[in-house]
Amino acid sequence: LAAALLLAFLAVPWVRGLRAPDGDPLLVIRSASVSLRSEPDLDRPAIGALDPAAVVERIDALPGWVRVETSGGERGWVQEDAVFPLRR
């Protein structure tokens with residue numbers, strides 16, 4: 001019984017993580033000169049730059065990174081702390 005309760009308790013963050021991508025699909029660029037990268041890795045070259053206050057759409061997410069699509073259709077990865085959700 002104790003093992004089952006512990007397992008259920010440990011599953012809570014996983015279940016919340018499954019719901020996160022369904023959250024706010026629109027994000028706003030937080031600061032100036034946010035680099036758009038082809039892969040979620042700081043060692044990869046930037047494929048573009050995003051202006052502050054630009055609105056992008058969330059496509060996917062990994063720990064610390066968010067894959068976004070710009071209004072022009074360009075897709076890439078930005079660091080998670082460079083964006084915040086646009087609440088309607």
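This passage looks at the core, two loop residues and a surface patch. The structure is a predicted model, so local features need pLDDT of at least 70 and side-chain atom pairs count only at pLDDT 80 or more, while totals for chains, interfaces and linings use all residues. Residues are numbered from 1 along each chain as its sequence is written, and side-chain values use heavy atoms, leaving out hydrogens and water.

Start on the inside. The largest nonpolar core (buried Ala, Val, Leu, Ile, Met, Phe, Trp, Tyr and Cys residues joined through side-chain atoms within 4.5 Å; buried is under 20% relative accessible area, exposed over 50%, with a 1.4 Å probe and protein chains only) has eleven residues, among them L27, I29, V34 and L36. At least two residues of this core come from each of β1, β2 and β5 (65–69); strands are DSSP runs of E, at least two residues, and helices runs of H or I, at least four, numbered from the N terminus. Leaving aside residues up to four places away in sequence, I29 touches (heavy atoms within 4.5 Å) a list including V34, L50, A53 and V83.

Now for the loops. Most residues other than glycine have a negative phi. A53, one of the contacts of I29, has a positive phi of about 75° without being a glycine. A53 sits in the loop between β3 (46–50) and β4 (55–62) and is exposed, at 57% relative accessible area. S33 is also not a glycine, and its phi is positive at about 55°. S33 belongs to the loop joining β1 (26–29) and β2 (34–37), and counts as exposed at 62% relative accessibility.

Lastly, L10 in helix α1 (residues 2–19) is exposed, with a relative accessible area of 54%.
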